[in-house]
Amino acid sequence: MVPPPARRPSRAGRDLAAAIAVGVGLGVVILSSLLIERHFFVGVLAISTAVATWELAGALRRGAGIAVPLPILLLGGQAMIWSSWPFGLYGLGAAFALTALAVLLWRMRAGAAHYVRDVTAGLFTATYVPLFCSFAVLMLVADDGLGRVLTFMLCGVASDVGGYAAGVLLGRHPMAPTISPKKSWEGFGGSQLVGMVAGALCVHFLLGGAWWAGALTGALLVTCATLGDLIESMVKRDLGIKDMSTLLPGHGGLLDRLDSLLPTAVVAWALLSIIVP
């Protein structure tokens, strides 16, 4: 009996069918939580924060032998997410400060050897995942929070779609070959084009802002998303791993899907607060 041919990965190096199926599933969960009752999205963010924190802690342990205080980071991450809902930026700041203090104290149990290294990794984890993710909550709890979060998310999706299409069809010039060889300037141009259109439409129709301000928003969010993707690539190269985990077929780990959105959430919150106060 002749075995069936192996499924070939896409030019992006992934199982395209699995990646699309997982991507659609994640999109359905996000849109359902936003459209049924937008505060359900806080729960989605809380679960995503816990999973991504667990993935990053595991990657640090596998790649560099660094053991971050996972119980503290999981508890502190939930405190940041849920404190941002009723108490806003003040609640987020207090929860982050207490988490940082707990990381410093918890690590003292293991002695002075590698104390700075391990504490730094713990603070990096607390910042990179739950702190950045909490800015999506800050957008959501505004009176027009649904429009703000949809603008943020749709610009991120537009960046991925435009970048993938332009990169596969036209990509010739690597943007950062030593960090992410498959990322090209042509792909970045496609991300900018589609992201600016998405930003202009979202800000105008969802938030009542000027279309040109939306185009500027899309351009800045695409730039931040691209840099966020490169940041995670740097982390993975430093740790010597390909993906943060194997949780999502065709994508790697959940953090591999959130890499561009986490820092972008901070920029989106600040930018929309200025453009559409």
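**Touring a predicted fold**

Visitor: Is alanine 198 buried or exposed?
Guide: Keep in mind that this is a predicted model. The relative accessible area of alanine 198 comes to 13%. Buried means under 20%, so with 13% alanine 198 counts as buried.

Visitor: Which residues does alanine 198 touch, leaving aside its neighbours within four places in sequence?
Guide: Start from helix α6, residues 185-207, where alanine 198 sits. Cysteine 155 is 43 residues away along the chain, yet the two C-alpha atoms are separated by 5.8 Å. With those sequence neighbours set aside, the contacts of alanine 198 are Leu154, Cys155 and Ala158.

Visitor: In what order do the elements run from the N terminus on?
Guide: There are nine helices and two strands to place in the chain. Reading from the N terminus, the order is α-α-α-α-α-β-β-α-α-α-α.

Visitor: How does the radius of gyration of the chain fit the globule rule?
Guide: The C-alpha trace spans about 60 × 55 × 40 Å along its principal axes. For 277 residues the globule rule gives 19 Å, and the chain comes out close to that, so it is as compact as a globular protein of that length. The radius of gyration itself is 19 Å.

Visitor: Which helix gives the most to the largest nonpolar core?
Guide: That core has 55 residues, and Met139, Phe152 and Leu255 touch the most other members. One helix, covering residues 115-140, supplies 12 residues, and that top contributor is α4.

Visitor: And what does leucine 255 touch, not counting residues up to four places away in sequence?
Guide: Leucine 255 is one of the core residues touching the most other members. Its list isn't purely nonpolar, as two glutamates, Glu55 and Glu232, turn up in it. The full set is Ala52, Glu55, Leu56, Tyr128, Val129, Glu232, Met244 and Leu262.

Visitor: How are α3 and α4 oriented relative to one another?
Guide: Helix α3 takes in residues 70-106, and its axis lies 9 Å from that of α4. The packing angle is about 170°. Angles over 145 degrees fall in one class, so α3 and α4 are roughly antiparallel.

Visitor: How many charged residues are in the contact of α3 with α4?
Guide: Sort the contact residues by type and you get 20 nonpolar and eight polar. For charged residues, the count is none.

Visitor: Which residue in the loop between α3 and α4 has a positive phi?
Guide: Most residues other than glycine have a negative phi. In this loop, though, a residue other than glycine has phi near 60°. That residue is histidine 114.

Methods. Residues numbered from 1 in each chain as written. Predicted model: local features only at pLDDT ≥ 70, side-chain atom pairs only at ≥ 80, totals over all residues. Heavy atoms only, no water. Core = buried A, V, L, I, M, F, W, Y, C linked by side-chain atoms within 4.5 Å. Buried < 20%, exposed > 50% of the residue type's maximum accessible area, 1.4 Å probe, protein only. Helix = DSSP H or I, 4+ residues; strand = E, 2+ residues; numbered from the N terminus. Contact = heavy atoms within 4.5 Å. Axes fitted to C-alpha atoms, helices over the stretch in contact; angles between N-to-C directions. Parallel < 35°, antiparallel > 145°, perpendicular 65-115°, else oblique. Nonpolar A, V, L, I, M, F, W, Y, C, P; charged D, E, K, R; others polar. Rg over C-alpha atoms; globule rule 2.2 N^0.38 Å.
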